[in-house]
Amino acid sequence: MEYEEFFAPWRLVAAFADGSRLLFDGLTEEQAREAMEAAQEEHGDIGYWNRVTDQNYEDGRYYKTVPPPPCINIVDYDGYTGPLDENGLPVGLAEQIAQASAEEGRDPNEAQIIIKRNAPPDDQPHEK
């Protein structure tokens, strides 16, 4: 019979006073930490602990539960003299970004980072 692998959403590692180095899993980081702290009764004080990073975990989180990085849009205003919307973006650009996100299969309402390069001063009038 083959064994199924199980990967908890969170994994911590700790080194104890008795020389043992143990892994602690949990459905939450707090649950894994509580299990790690409870092990001090048997193994002595924790000398070192950390969130596991290996082929399955990134900073303690199972890699499949780590959210994807946000989309980053860079808006370069160099030479742009057109109107701006209430957010200081060229009129219609926010809708274009949302449409491009939808076309790429991403949720058009997901958080995105917009970096403004060579942006005009904030005292420029905006369209309402």
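Modeller: A strand here is a DSSP run of E with at least two residues, numbered from the N terminus. Ile74 lies in one of these, strand 6. Keep in mind that this is a predicted model.

Colleague: Is Ile74 buried or exposed?

Modeller: Exposed means over 50% relative accessible area. Ile74 has a relative accessible area of 55%, so Ile74 is exposed.

Colleague: What class of exposure does Ile115 have?

Modeller: Ile115 sits in strand 7, residues 112-117. Buried means under 20% and exposed over 50%, with partly exposed in between. Ile115 has 37% relative accessibility, so Ile115 counts as partly exposed.

Colleague: Which residues does Ile115 touch, not counting those up to four places away in sequence?

Modeller: Start with Val75, which is 40 residues from Ile115 along the chain. Their C-alpha atoms are separated by 6.1 Å. With sequence neighbours up to four places away set aside, Ile115 touches Ile72, Asn73, Ile74 and Val75.

Colleague: Which residues make the nonpolar surface patch?

Modeller: Look at strand 6 (71-76) and strand 7. Each supplies at least two residues of the patch. The patch covers about 350 Å² and is made by Ile72, Ile74, Ile113 and Ile115.

Colleague: Now helix 3. Is Ser101 buried or exposed?

Modeller: Ser101 lies in helix 3, residues 93-103. The cut-off for buried is under 20% relative accessible area. Ser101 has 1%, so Ser101 is buried.

Colleague: Which residues is Ser101 in contact with, leaving aside neighbours within four places in sequence?

Modeller: Contact means heavy atoms within 4.5 Å. Beyond those sequence neighbours, the contacts of Ser101 are Arg106, Asp107, Pro108 and Gln112.

Notes
Residues are numbered from 1 along each chain as its sequence is written. This is a predicted model: local features need pLDDT of at least 70, side-chain atom pairs count only at pLDDT 80 or more; totals for chains, interfaces and linings use all residues. Side-chain values use heavy atoms; hydrogens and water are left out. Helices (H or I, at least four residues) and strands (E, at least two) are DSSP runs, numbered from the N terminus. Buried means under 20% relative accessible area, exposed over 50%, partly exposed in between (1.4 Å probe, protein chains only). Patches are made of residues with over 30% relative accessible area and no salt bridge: like charges are joined within 9 Å, nonpolar side chains (Val, Leu, Ile, Met, Phe, Trp, Tyr) within 5 Å. Accessible areas come from the Shrake-Rupley method with a 1.4 Å probe; for residues, only the protein chains shown count as cover. A salt bridge is a side-chain nitrogen of Lys or Arg within 4 Å of a carboxyl oxygen of Asp or Glu.
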